[in-house]
Amino acid sequence: MQENQLSSETSESSRSTSDLEQPSCVPKSPVRTPAFSPVSSATPDGAEDKHESQHAEPMALQSSRGIKVEGCIRMYELVHRMRGREGLRQWQEEQERKVRALSEMASEQLKRFDERKELKHHKEFQDLREVMEKSSREALGHQEKLKAEHRHRAKILNLKLREAEQQRLKQVEQERLRKEEGQVRLRGLYGLQEEVLHLNQQLDASEQHKDVLKVDLSAFRTRGNQLCGLVSGIIRATSENGFPTAEDQAVAERALQEMRDLLTSLQQEIARACEDKRRQDLEAQVKRRDSHMQQGPEVHRETPAPSQGPGGKQNEDLQVKVQDSTMRWYHQLQDVSSQCVLAFEELTNSKDSQAKKVKMDLQKAATIPVSQISTIAGSKLKEIFDKIHNLLSGKPVQSGGRSVSVTLNPQGLDFVQYKLAEKFVKQGEEEVASHHEAAFPIAVVASGIWELHPRVGDLILAHLHRKCPYSVPFYPPFKEGMALEDYQRTLGYQVKDSKVEQQDNFLKRMSGMIRLYAAIIQLRWPYGGRQQIHPHGLNHGWRWLAQILNMEPLSDVTATLLFDFLEVCGNALMKQYQVQFWKMILLIKEDYFPRIEAITSSGQMGSFIRLKQFLEKCLQRKEIPVPKGFLTSSFWRS
């Protein structure tokens, strides 16, 4: 195509050369001819022209037509170059356009590829998300199903627990009612025993008619002792087996009725003998009857005759040995204490860590509330009483941040009762000995617990009698072969490392325990049942006072204990026994003081003088003052 185009252009150039009139375009110098020879050689006849030109150099200038042709050729070459450059430029531009188009197309394809890839990833993520949501829904459904099953099972368990709790509460209520009935029967038995012992003492008191009336009353005394043993055996068996049955109560009531009939028969027998004697000695009988009417049965039986007359002769009625009935009572209480110790012996000697922990928790729960008793407020005292009562009733109480109950161990109740009674006596020995006013709040709690839990009261007496035998009253005899230290311990002294405590400290401890005992017998828990009698009331205080006046006084001890007892309990005894009480005080002043003074050395006269001044002041005022620290009605409202 380029050759055809070139030929056409050559023809056109040759036709246009004739019109060219520019001589500057044609070279006129012959020297330039060789320069164009290579061009001319491009023609078909170039070889021949070249050959000819080599031989025609010296020839003259070519013709004007040739010059024009040469100019046209050069023009053609110039135009051809320009057109070639233009075509090349256009081709380059076209190629650049194509490259740009291809680049843009590749870029678009890359974008589409990226879009497809992103779409694929999005679909995969969406599928994964759907799978996860489906799994989550299935898991939630399974969880809800498990929750529903759990709720169903929990509902069933709650129903079972509620039924078990109702059954337990029913059993607890039945046990409580059984215990209450048993306690009522037990208190009734104690009341029956007290009346039987009282009647038996009246039988013993009738022994004084034996020599005067020449009547044999031994059969009455033997049968009375048998009846006392029968009632005591019932109570002892009850202490071992739990609470008394209705049959036990019926047997005790029959024994009491028989004792009453026995006393009635005895009185009738004595009345008949007295009638016979009256006919023989009317004047003596009148005096004896007047004395009997004035002093009353208790004073007639217990109050000693004058111990020493003006001449200094001793009366043979005073004795050192305690009465047999009192000793039986003393040994019975010690037996109760020993049986209680044996009952929880396994818990005490256990090597198991859990049992030791239970024992420690129970001991703290029993003793700490007693240590917290004070005269701060009546409401605080009631909280302490309720805590002790709940513990003894089998209810859980809080102690040391933990819940404690006697049901944690089968021997827990015996252990708690023993430790509680021991702590009450220890408070009298230590706290009351140092602060006399503390006797009343401790005593009122002890009295209330005693009324609801009689066994605790028996254990309190057993501990008190063991630590302070003068509270019986009882002067332990020195037995043959007994070590001196052991004998001093039986008298109440503390012996450590073969060293006996000082007399002042001994008297201080005895004083504290007697003061506690004197407070217990006159106080009752104000929130208890008033229809019931005091489990150990003022009649025992009257018995203690009468019996200790029937015994030989001990130097420094008797005067101290009489003063403490009368200072705490004298006001209550005065209100209860009135005329008989003042006769007892006159007896102490006129007949017992000389005997105490006779055995008291000059260095031990302090307690005797204190007792003497106290009684003289009371006789002068005709009143025993209310003891300091006595709990008034306003205290219980605090």
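How many helices and strands are there in the chain? The chain has 22 helices and four strands. The model is a predicted one, and its 638 residues include a buried share of 38%. The accessible surface of the chain amounts to about 37,800 Å², with 53% of that area belonging to carbon and sulfur atoms. Among the contacts in the chain with a separation of 6 or more, 78% are between residues 24 or more positions apart.

**Confidence**

The average pLDDT of the chain is 78, and 79% of the residues score at least 70. Two stretches with a pLDDT below 50 are listed here with their contacts beyond near neighbours in sequence.

| Stretch | pLDDT | Contacts beyond near neighbours in sequence |
|---|---|---|
| Residues 5-48 | below 50 | 32 contacts |
| Residues 284-317 | below 50 | 53 contacts |

**Packing of helix 14 and helix 15**

Two packed helices are described by the angle between their axes and the distance between the axes. Helix 14 spans residues 439-452 and helix 15 spans residues 454-467; their axes lie 5 Å apart, at an angle of about 125°. The angle falls in none of the roughly parallel, roughly antiparallel or roughly perpendicular ranges, the last being 65 to 115 degrees, and helix 14 and helix 15 are therefore oblique to each other.

On the side of helix 14, the contact involves Ala-446, Ile-449, Trp-450, Glu-451 and Leu-452. These meet Pro-454, Val-456, Gly-457, Asp-458, Ile-460 and Leu-461 in helix 15. By class, the residues of this contact comprise eight nonpolar, one polar and two charged.

Methods:
Residues are numbered from 1 along each chain as its sequence is written. This is a predicted model: local features need pLDDT of at least 70, side-chain atom pairs count only at pLDDT 80 or more; totals for chains, interfaces and linings use all residues. Side-chain values use heavy atoms; hydrogens and water are left out. pLDDT is the predictor's confidence in each residue, from 0 to 100. Contact means heavy atoms within 4.5 Å. Axes are lines fitted to C-alpha atoms, for helices over the stretch in contact, and angles run from 0 to 180 degrees between N-to-C directions. Helices (H or I, at least four residues) and strands (E, at least two) are DSSP runs, numbered from the N terminus. Angles under 35 degrees count as roughly parallel, over 145 as roughly antiparallel, 65 to 115 as roughly perpendicular and the rest as oblique. Ala, Val, Leu, Ile, Met, Phe, Trp, Tyr, Cys and Pro count as nonpolar, Asp, Glu, Lys and Arg as charged, and the others, Gly among them, as polar. Buried means under 20% relative accessible area, exposed over 50%, partly exposed in between (1.4 Å probe, protein chains only). Accessible areas come from the Shrake-Rupley method with a 1.4 Å probe; for residues, only the protein chains shown count as cover.
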